[in-house]
Amino acid sequence: MKNKISVVLATLGEKNIFEIVKILNQSDIEIEIIIIIPQRKYYKIKELKKNKNIIIIQTDFFSQPKQRIEGFKIAKYDFVLQLDSDVKINKFFLKEILDFISLKNSNCAVSLHPIIEHKFKSSIYRNIINFIFYYFIKREKNFNNWDSWFTNNLFRNNNGRVKLLTGACILHYKKNLILDDFYNYKYKAYGEDILHSCLLHNKKVSFYFKRSNNIKFHLSGGYVFKNIIELNFFIKRMSVIYFKIFLLTNGNLFIFSTWFLFWYLNIYINYFLKKIL
């Protein structure tokens, strides 16, 4: 059977989306490209409606998770790809990710990530923190433990099963999609990837990850905060997300509380060290 795919692009009107649409339409795979954009930003991409296979949804949302859900709701094909509008792909990308998911069972989601050309260097400080978190890192390797989330180790391998997927590129089976508004928060969507992964995990969906030359996007070594106000907002939002995951997964309160204390202190220490050094 010939593969058919729905591609869901949540955007604020980034210029790169024109290139993504052009490359997706070069494929011989049957495709629909669903673009979700806030009404006030529609003028930036209105020319895209001249392209084939395009569906544009205008919404009131300035939120990637909420925009994606609107796209998921109308996707008609069995494979549904969520893709950020700032990724770089080539004409081989779609075939590779569809071939990758075809090797797994249907209770899965898969992702392609860029090849790492320059490895992140670990500082002495980071190595000390890693040592402190050794117990929690061990727990992270058990895919059934969701009461700690020290995720520094999750994307070290070139291929294989991982505990969560980042939202830049995920190929789903339509039957596994989450259509509820799971991220009911305003402004920047901190932590939506891990919450989304947790909810999919509860539906018995497993995650697989592969490095590829056919996609490129920015691989961040961590958030950079301009000031203490941004940092405090991040702490507040992530605290809510982590506690929500703790409740969803019936985690161990002692382990969660211990991990959370280390995480909280580490965020502030890291912020002030960067300011000083």
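**Burial, core packing and strand pairing in the predicted model**

Of the 277 residues in the protein chain, 50% are buried. The structure is a predicted model, with a mean pLDDT of 86 and with 82% of residues reaching 70 or more. Its secondary structure consists of eight helices and 10 strands. Among contacts in the chain with a separation of 6 or more, 74% are between residues 24 or more positions apart. The accessible surface amounts to about 15,200 Å², and carbon and sulfur atoms contribute 56% of this area. Confidence is not uniform along the chain: over residues 150-157, pLDDT stays under 50, and the model places 25 contacts beyond four places in sequence for this segment. Where pLDDT is low, predicted coordinates should not be read in detail.

Helix α1 spans residues 16-24, and its buried residues are Asn16, Ile17, Ile20, Val21, Ile23 and Leu24. Viewed down the axis of α1, these buried residues lie within an arc of 165° and therefore line one face of the helix. Such an arrangement can be related to helical geometry: an α-helix has 3.6 residues a turn, so residues three or four places apart point the same way. The buried residues of α1 pack against five strands and one helix, namely β1 (4-10), β2 (30-38), β3 (54-59), β4 (79-84), β5 (88-89) and α3 (93-102).

The largest nonpolar core contains 38 residues, of which Ile5, Ile35, Leu81, Leu83, Ile89, Phe93 and Leu171 touch the most other members. Two or more residues of this core are supplied by each of β1, α1, β2, β4, α3, β6 (108-114) and β8 (169-173). The greatest contribution comes from α3, which gives six residues. In soluble globular proteins, nonpolar side chains tend to be buried together. With neighbours within four places in sequence set aside, Ile35 is in contact with Leu9, Thr11, Ile17, Val21, Ile45, Leu48, Ile54, Ile55, Ile56 and Ile57. A second core, separate from the largest one, comprises 33 residues, including Phe225, Leu231, Phe256 and Ile267.

Strand β8 is largely enclosed by the rest of the structure, because five of its five residues are buried. Both of its faces are covered, with Cys169, Leu171 and Tyr173 buried on one side and Ile170 and His172 buried on the other. Leu171 is also one of the residues with the most contacts to other members of the largest nonpolar core. Strand β8 runs antiparallel to β4, to which it is joined by five bridges. Within this pairing, Tyr173 of β8 is the bridge partner of Phe79. Strand β6 is likewise antiparallel to β8, and two bridges join these strands. Here, His172 of β8 is the bridge partner of Ala109.

Positive phi values in residues other than glycine were examined at two loop positions. Asn53 has a phi near 65° and lies in the loop between β2 and β3. The relative accessible area of Asn53 is 34%, so this residue is partly exposed. For Lys204, phi is near 70°, and the residue is located in the loop between α6 (192-202) and β9 (206-212). Lys204 counts as exposed because its relative accessibility is 68%.

Definitions and conventions
Residues numbered from 1 in each chain as written. Predicted model: local features only at pLDDT ≥ 70, side-chain atom pairs only at ≥ 80, totals over all residues. Heavy atoms only, no water. Buried < 20%, exposed > 50% of the residue type's maximum accessible area, 1.4 Å probe, protein only. Helix = DSSP H or I, 4+ residues; strand = E, 2+ residues; numbered from the N terminus. Arc of directions from axis to C-beta. Contact = heavy atoms within 4.5 Å. Core = buried A, V, L, I, M, F, W, Y, C linked by side-chain atoms within 4.5 Å. Areas by Shrake-Rupley, 256 points an atom, 1.4 Å probe, with all protein chains shown as cover. pLDDT = per-residue confidence, 0-100. Pairing = 2+ DSSP bridges.
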